[in-house]
Amino acid sequence: NCFVPISEIISVEETELNKKQRNIGKWQKMTKLHAFTVYYVKKARNHRWRCSDVTFWCVDEHLCNQWIQALKELLEMQKSRPKQLLVYINPYGGKRQGKRIYEQKVAPLFSLASISTDVVITEHANHAKDNLFEVNIYKYDGVVCVGGDGMFSEVMHGLIGRIQKDSGIDQNNPKASLVQCNIRIGIIPAGSTDCICYSTVGISDPVTSALHIIVGDCQPLDVSSVHHNNTFLKYSVSLLGYGFYGDILKDSEKKRWMGPMRYDYSGFKTFLSHHYYEGTIAYQPAKHTLGSPRDKDSCRTGCYICKKSEQQLAEQRKDCGLKHEEGEEEWKVIKGKFLAINAVNMSCACPRSPKGLSPAAHLADGSADLILVRKCSRFDFLRYLVRHTNQDDQFDFPFVDVYRVKNFQFTSKLSEDNESNVMDIGKKRFGQFCRDHPACCCNIVNSTWNCDGETLDSSAIEVRVHCQLMKLFARGIEENCKDEAAYSQSSAEQLL
């Protein structure tokens with residue numbers, strides 16, 4: 001017996017039996033056999049999916065056709081499945097394997113599922129972003145990006161920006177209520193870092209991601225908008241990092257010739273330099289959320305916390321109004337010297353750090369986890385970094401604070417940022433800090449914000465979390481992935 005939910009069947013096709021199949025057991029005496037093959041999702045270890053198939057045959061042609069027709073009608077009822085996709089391929093990202101991965105591993109699966117595609121090979125930076133402002137995006141059921149996190153960011157900015165433009169929303173207004181983007185984005189991982197794919201699916205595997213797209217999975221995702229002095233800078237879905245992670249990115253950009261190894265080199269170099277920066281942070285707590293950054297309740301498929309938090313946030317806005325909520329709710333202010341300031345909308349898990357920067361961060365609860373690592377010794381900072389790779393509580397240090405927020409603002413103590421109006425905190429002129437070693441002769445005047453792997457020009461920023469602004473072809477990380485011999489069972493119609 002083979003049990004397969006209809007929701008995980010990829011396609012059904014009439015099949016010609018070969019001579020070997022015809023000579024199996026009692027069927028060898030029969031003159032004419034009719035068969036059909038069901039292609040379906042087979043779940044393996046570590047959240048990996050594969051396409052498998054099973055063939056059914058009988059002597060009754062009418063019965064065989066009835067089965068084929070009934071199954072195809074059931075598949076047609078799966079309205080969430082895409083029929084037409086717009087695909088962007090970055091041929092230069094990662095190990096330059098994007099085009100090969102798509103053509104060899106993904107395109108055959110899309111063809112099997114009868115999905116038509118329009119493919120664009122990007123030729124330069126922001127090609128996909130610019131193209132999304134020109135094409136008729138509304139004729140597509142989704143947009144697929146083949147590449148790394150940078151490629152996803154480009155497609156995300158183009159799609160969200162296009163929706164806001166068509167809706168008459170000014171992205172430069174940090175208080176604007178952005179229009180939700182209902183066109184889903186699919187990620188086929190083919191970059192040097194695939195953090196977003198890993199954090200939303202549980203594995204960076206092209207075939208697994210393609211199958212999630214085919215079955216029409218949908219995962220809402222929070223997006224943070226970043227502004228400086230009423231000017232839009234970037235959107236972020238994973239990491240906003242100042243200090244340690246900003247310095248790593250700034251240094252690694254000068255060493256792109258090293259490939260992915262540049263992150264290890266720049267990380268080690270940045271750790272040894274041990275720079276800290278002084279500044280002021282103001283934030284609004286996310287009181288609508290049910291969880292907290294210190295609990296053990298990770299975000300999983302069908303997350304209850306995300307659903308309830310989104311409902312409570314919607315009720316708050318309905319009762320109080322958005323302007324009242326943001327204008328009068330209490331802001332909390334923190335001043336200090338920081339080695340790292342990180343804000344994450346998701347766990348930011350990856351193979352090297354299976355728990356991520358914030359293990360209990362949620363994908364769609366309308367909040368971000370703000371992590372402040374204060375000035376400490378190099379040894380203590382190393383202890384903190386090591387905990388990202390094991391099961392210990394990485395927030396259990398006196399120099400680490402974590403808050404669940406819906407908005408926050410930051411200004412450094414540098415004179416060039418004195419024009420920032422962060423709750424009237426950043427108007428003073430401050431001196432420059434480098435590090436706590438008198439022998440330091442370097443001339444570092446400021447850190448850089450790392451926004452999903454891209455640098456921001458300004459250190460003084462205003463960040464706001466937009467609850468479930470966009471959607472992915474994903475279902476979140478499933479709680480328990482069975483071994484290769486197990487098949488998922490659900491209350492949906494099943495094929496016996």
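In the predicted model, M470 touches F152, M156, I160, C181, I185, Q219, P220, L221, V223 and V237, leaving aside residues up to four places away in sequence. M470 also belongs to the largest nonpolar core, a set of 66 residues in which M470, Y88 and F152 touch the most other members. The greatest contribution to this core comes from helix α5 (residues 149–166), which supplies seven residues. At least three residues of the core are drawn from domain 2 (79–217), and at least three from domain 3 (231–314 + 330–418 + 444–465). A second core, separate from this one, comprises 26 residues, among them I10, V41, W49 and V87. In soluble globular proteins, nonpolar side chains tend to be buried together.

Several of the contacts of M470, including L221 and V223, lead to strand β9, which spans residues 219–228. Strand β9 is mostly covered, with nine of its 10 residues buried. Strand β18 (residues 461–472) runs antiparallel to β9 and is joined to it by eight bridges. Within this pairing, V223 of β9 stands opposite H466 of β18.

Strand β9 is also joined to strand β10 (residues 231–236), through five bridges and again in antiparallel orientation. Here H227 is placed opposite F232 of β10. The hairpin formed by β9 and β10 has two residues between the strands, and N229 in this hairpin adopts a positive phi near 50°. Strand β9 thus has antiparallel pairings with both β18 and β10.

Note on methods: Residues numbered from 1 in each chain as written. Predicted model: local features only at pLDDT ≥ 70, side-chain atom pairs only at ≥ 80, totals over all residues. Heavy atoms only, no water. Core = buried A, V, L, I, M, F, W, Y, C linked by side-chain atoms within 4.5 Å. Buried < 20%, exposed > 50% of the residue type's maximum accessible area, 1.4 Å probe, protein only. Helix = DSSP H or I, 4+ residues; strand = E, 2+ residues; numbered from the N terminus. Domains from an automatic or database assignment. Contact = heavy atoms within 4.5 Å. Pairing = 2+ DSSP bridges.
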